[in-house]
Amino acid sequence: MSKFGGNSNKKEVPPVSSGSLSDIVFMLLFFFMVTTQMRETENKVQVQVPEASEVVKLERKDLNSYINIGTPIRALQAQYGTEARIQLNDSFKSTDDIRDFIAAERESKSEGDRQFMTVSIRADQDVRMGIVTDVKQELRRCSALKIMYSARRPSED
Amino acid sequence: MAKKKTPALNTSSTADIAFLLLCYFLMTTTMGSQLGLSRRLPPMPDKDAKVEDQKVNRRNIIIVRINSADRLFAGTEPVDVSQLKDKIKEFLTNPANDPNLPEKEVQEIEGLGKYAASGSDSYAVSKGVISLQNDRGTSYRAYLQVQNELVKAVNELRDEFSVSTFGKQFAQLDEEQQGIVKKAVPQNISEAEPKDVGKRRR
């Protein structure tokens, strides 16, 4: 009788179906695609934004342009020194270039959205206000008046 | 044979492909949501417009100054960052109607009467302005910390007003009610022209 048969040692555990594995991974993939955004530029300056407890979220990420201020990353310090620099898009710039940068950014937004354009100042917490003030003055001159000081929530509590 | 089965497609590599895609997106994208303090810069004054000193009453303005050593002064006395919030709140509310603290102006705020206990649209809005001045040598960290304290003071006042008028925190109000609160407790933070600060240093 097969019920008590000697062939029980030949009986195998059925293999675990891996057909749903790809579904799980795709789900993960979609999660990351939805929650993240493309990194548009490579950081050339070290930016550790300061902490602030009253931060608000930016409503429209696509209407945002970034001005990074900080010391050059270590690999570039030999070339550019350790003085705080301004990074626009992918290269080091001076305050005089902000005007062109803002004009280009404004051009890239659609007509109706231009007034809502926000300039996000991502400055390192150790930079001096002098350079930030220069940037702010230049932004006022270009009448890009909506700005945002990037900050992060305090890590404690 | 009529019932010949088609061989199943080997799908074991779809997971690998998906993993590859996943890794690609993990590498090229950033998570971080954009957080920060929103500000509106004052427009640049016209060059040919004559320099007209805005007549702001002395009592209506508090000058918060940060020097190059990150020391903080509110008005004339040195204060610590932790005390700044309470000082600003006292300045903006002026509970004892002190003649040295800002005056209040009764304004008509549309829609307030529906909610307020008094049933009228008028509310005494403080005319206080916070003027923030900094040195070129101030560190950005100290500057933002002060900015944060100023915003916190205003936010707490808005919360207090919301609770007393609507019985809810500011964040839970709808858009119209938030507009009323914003009118009743304005956020008047002005950032001084940097050249003034430069002069002071010399």
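What follows is a look at chain B and at how it meets chain A, with Leu37(B) as a point of reference.

The model is a predicted one, so to speak of local features a pLDDT of at least 70 is needed, side-chain atom pairs count only at pLDDT 80 or more, and totals for chains, interfaces and linings use all residues. Residues are numbered from 1 along each chain as its sequence is written, while chains are lettered from A and ligands numbered from 1 in the order in which they are written.

Chain B comes with 5 helices and 9 strands, where helices (H or I, at least four residues) and strands (E, at least two) are DSSP runs numbered from the N terminus. Read from the N terminus, the order is α-β-β-β-β-β-α-β-β-β-α-α-β-α. Of the 202 residues in chain B, 20% are buried, meaning that 20 or more other C-beta atoms, placed from the backbone, lie within 10 Å of the residue's own (12 or fewer would make it exposed, anything in between partly exposed). Contacts are counted when two C-beta atoms, placed from the backbone, lie within 7 Å. For chain B, 62% of the contacts between residues at least 6 apart in sequence join residues at least 24 apart.

Turning to the interface, 51 residues of chain A are in contact with 42 residues of chain B. On the chain A side, helix 1 (21–35), strand 1 (37–38), strand 3 (56–57), strand 7 (118–123), helix 4 (129–141) and strand 8 (146–150) each supply at least two residues. By class, this side has 23 nonpolar, 15 polar and 13 charged residues; Ala, Val, Leu, Ile, Met, Phe, Trp, Tyr, Cys and Pro count as nonpolar, Asp, Glu, Lys and Arg as charged, and the others, Gly among them, as polar.

Strands also pair across the two chains, which takes at least two DSSP bridges between them. Strand 1 of chain A runs antiparallel to strand 1 (residues 29–30) of chain B, with 2 bridges, and Gln37(A) has Thr30(B) as its bridge partner. Strand 2 of chain B is joined to strand 3 of chain A by 2 antiparallel bridges, with Val56(A) opposite Gly36(B). Strand 2 of chain B also pairs with strand 8 of chain A, antiparallel over 5 bridges; here Met148(A) stands opposite Ser38(B).

Leu37(B) sits in that strand 2 (residues 35–40). Leu37(B) is buried because 20 other C-beta atoms lie within 10 Å. Beyond its neighbours within four places in sequence, its contacts include Ala52(A), Val55(A), Met148(A) and Tyr149(A) from chain A, and Gln147(B) and Val151(B) from chain B.
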